[in-house]
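The following exercises concern a protein structure and are to be worked through in order. Each task is followed by a solution in steps.

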Amino acid sequence: MTSTTPPTGTGALAKREARLAWTLLAPTVISVSLVVILPLLAIFWISFKPFTLSDLRPPAPVVRESLRGSGDDLRIEYRLRNSSQEIAIDGVTLSDVLPDGVVAGEVAAPCVLDGQELFCDFGTLEGGQRERIRIPVAIDGDPESFEDVVETSEPRVTGSGPNVLTNLDFSLENYARVFDGSEFWGVLWVTLFYTVFGTVGALVMGLFAALLLNKSFKGQGFIRGLYLFPYVAPVIAVAFTWVTLFDPFSGSANALLIQMGLTNAPINFFGERPLALIMVTVFEIWRYFPLSFLFILARMQSIDSSMYEAADMDGASPFQKFWLLSIPQLLGILSVLFLLRFIWTFNKFDDIFLLTGGNAGTRTLTVNVYEQAFAISNIGAGAAVAVVILLCLIAFSFVFFRYISREEGL
Amino acid sequence: MRKGYITGPVLGALWLVIIASTIAVTMSFATGATFRPQVGLGLVWGAVAGLTYVAFPARHAPARLAVSVLLGLSCLSGLGPVLIGPDTSVQASFITIIAVAVVMHLSLAEILKELPFAELTRHEFEDAVIRFCTGFGYIFFTAIVVIPFYVMVMTSLKSQQALLQNPLDFSVDLSQGTALFRSYTELFRDFNFGTYLWTSFYVSVLTVFITLLFSVPGAYAVARFRFKGQKAFSRSILLIYMVPMIVLALPIYIAFSITGLRNSILGIVMVYPVTTIPVALYMLQGYFRGLPTEVEEAGLMDGLSRLAVIWKITLPLSLPALASVSLYVFMIAWNEFLLAFMLLDDPSKFTLTRGVTMLNSSEIPRQHLMAGAVIATLPIMALFLGLERFMTKGLTAGSVKG
C-alpha cells in the first residue's frame, strides 16, 4: 500500500542536513558549554555556599618518607600531617611497598606488614594533627644507595575532608552580605552613573567624530586610523598611561594645569571622590568613542545622497539637513549601539580595575565581584554579586532582543 | 546674531582662545617651558581679528595679514593670546609667534570665508558655525588621541629624576644615542620581556587558529543549513557576547585551581579561543550568507562532499573575511588582560599584558611601566596600520564586542 498524501514531518534529506549542521556545530557547542554555560551554572551553585579562597585547597593528608639512622639502627620514617589546621580528615590510610632488600623489623599499630606491603589505618586525622611512624629495618647492601630507593618510592595516602563545594549545604548568607547595608546601593549607583554617562558620552563623541570624517579628503584614512588608536591599543597600556599622565606628583596633566594657572595644588584625579568616578567615565568615553564613530560613519556613508540633493533643492540649511535627515537615518544604528554599549559598559571590569582598583568611590558591580572574591577572599559573596549582574543582564537582553531584532533583523 | 559684524568677532574670539590653548599646550609638551593661554586677552584679540577678517573679504588682504602678524608679535609683550614664560629659549618663542600668526591667518580665513560684513543668510551663518566646529573637532580629537600616546612614548625615554623634576619636559636629548632606550634594554634583560613577547605571540596565534578551526564549520552550518534551533542558536551566540568576563573568570579560576591548570599556558590556550569563538562565528556567518550558493551547489553536483565544498570553494572565496576575523581575534587575544592576570602567577609563564601589570608597582620606575606599555602597543599598532582595511572591516563586522 502506498499512501497518496504528501509526506508530513521532516524528510530524510532534511534530517541529514540537520544532522550535518549539528555535527559542524558540535565543537563550538561543546567548548562553549564547557567554558561558558558550565561556569554560569557553577556561579549560581557557589553563590549559595560559604566558600572562601582558602577552601580552594581542601584539607588533605601530607606524607614524607625518609630513611634515617645508621649502621644497625636503621629505620624508615613516615611523617604524616593534616594540611589544614582546623578541619579534620576522615578515612586516612597509608600504604607503601618496601623495596626489595629491605627487611622490616617489628611494626607497631596502627600499621600491619604483609610481606613487603605496609598498610596503616589512622582513622580520623584532626586539624593540625601530626603522626610519625618508625619502622626499624635491616638492609643488605649500602644504606647510602638505599636512601634514594626508599625515598623515591611514593607512599599512597587516602583520606578526604569535607568539601564545601560538593556538599549539599546551602545558605543565603552571601546574598545577605551582598545586599547588607548601604554599600550595595552605592555600588549600584556608581555602576549606573558609569554605564549611562559612559555610553551616552561615547555615542555623542562618536557621532561628532563621524560628522567630521564624513567627507572625503586627502588623509581621511590616516585620521580615521588615528582616531581608532584608543580602542585598538591594549587596555593595560592606555590605562597605565592615563594613571601616569594624571599622577598627582609626577603627572604631566597636573604640571600643565599648574603652569597654566588653572589650579594651585596638584589634583589627585584618580584618588578623590567624586572626581575619580568622573575620570573613569571619561576614560571609558575616550576608549570607546572610536567604536561608535566607526559604526556611525559606516552608516552615514551608506545614506543615499539623493535625499540631501533634494533637500538642497528645497533650500534646507545645513543644520536642518542634520536634524531632519541625518539623525532620523542614524536613529537605528544609534539605538543599537546604545543598547549594546550599555550592556558592555555595564560589564566592563578591566578599565576601572586598572585605573583605580575600585577605590575612591569607583567600585562598580563587576569590580565588586573581584573585591569580594579576592580582596576579602570570600568567593561565595563574589559569586552572589555575579548572580546579581547576570540577573540585570537577562533584563537587558530581553530589551535588546525586543528592539534590536527588529532593527537589525537578527 | 546673524550679522557679519557680530558672527565674525564672536567666532574669531572663540577660535583664537582655542588656537592659543592648543599652541600653549603643544609648546609646553614639546619644550617643558612655561606657555600660558590668556583667555580674556585672547577673546579681545580674537574679536578684533574676526572683525578685520569680515571687513576685508580678500583672502590675503593686507589688513588681515597685518592683524595676524600683530597677534603673533603681541605674544612677546605679555599682552598677547599666549603668555611666554621668561626662561623660554629664543627658538621656542620664535616658533610660538610664527605659529600663532600663520595658524590664525590660515584657519580664520577658512572659517570666515565669504562671510559678508552685514546681514547673513541662514546658510552662510550655519556654514561658518560648522566650519568652526569642524576645526575645533579636528584639534580636539587629535589632541585627546595623540597626547596619551605621546606621553607614553616620551615617558619611556626619560629618566626618573628628569621626570620628577619637570613632568612637562618631554624634550628628548638625542646625544645620548642608544642610552635613550635604556628602559627597553632593561626590560628585555632583567624582566624577561623577550619571553613574554614570544608567549603572547604564540598564544595569540594559537587562539586565532583554534578559533577559526571551531568557528568556520559552525558559521557555515548556521549560514547554510536549515535545522531546528537555528534561530535560537544564533541568538544564544549573541547572548554569550553579553556575559561579562569577570563572571566567567571566577569559576574558571576555581576549576583551574582544583585541576592544576592554573599557571599554565595550556589553560590559557584552552580558555582564550572560547571567548572569541562566538564573535568569530557571528562575523563569519554574516559573510557566508553573502556568498552565492550557486557556486557551492555546482561543487556538490560535481561530487564534492560538504566538507570538501567548504574547504575548496567557500574558504578561498572568504579569504578577506578570514583575514579580518583573524586580525580581530588576534587583537582580542593580544590585548586580553583579565584572564591572564587571574590565571598566571608564575613570572616565567606571563603573557605580555600580565608582564606589564607586574611593572605597576611603586618599586619599579614609571618609565619602565611606560616602556612595557609601548612594547605591548607597538606590535598591535603595526598590524593595525599595515592592515587597516581588514581591521576596520573586522571591527565593524564584529559588532560591538567590548
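**Exercise 1.** Determine how many residues each chain brings to the contact between chain A and chain B, and describe the side of chain B.

*Solution.* The model is a predicted one. Step one is to count the residues: 83 come from chain B and 77 from chain A, where two residues are in contact if their C-beta atoms, placed from the backbone, lie within 7 Å. Step two is to find the element of chain B that gives the most to the side touching chain A: helix α5 (residues 122-156) of chain B, with 16 residues. Step three is to sort that side of chain B by class, which yields 55 nonpolar, 18 polar and ten charged residues.

**Exercise 2.** State the order of the strands in the open sheet of four strands in chain A, and identify the edge strands.

*Solution.* First, write the order, which is β1-β2-β7-β4 (chain A), with antiparallel pairing. Next, look for strands that pair on one side only: these are β1 (61-68) and β4 (102-104) of chain A, the edge strands. Finally, consider the twist, which averages 30 degrees from one strand to the next.

**Exercise 3.** Examine the pairing of β4(A) with strand β7 (residues 130-139) of chain A.

*Solution.* Begin with the direction: β4(A) and β7(A) pair in the antiparallel sense, over three bridges. Then take one residue, Val103(A), whose bridge partner in β7(A) is Ala138(A).

**Exercise 4.** Give the domains assigned to chain A and the distance between their C-alpha centres.

*Solution.* The assignment gives domain 1 (57-160) and domain 2 (173-408) of chain A. The C-alpha centres of domain 1 and domain 2 of chain A are 61 Å apart.

Terms used: Residues numbered from 1 in each chain as written. Chains lettered and ligands numbered in written order. Predicted model: local features only at pLDDT ≥ 70, side-chain atom pairs only at ≥ 80, totals over all residues. Pairing = 2+ DSSP bridges. Helix = DSSP H or I, 4+ residues; strand = E, 2+ residues; numbered from the N terminus. Axes fitted to C-alpha atoms, helices over the stretch in contact; angles between N-to-C directions. Domains from an automatic or database assignment. Nonpolar A, V, L, I, M, F, W, Y, C, P; charged D, E, K, R; others polar.
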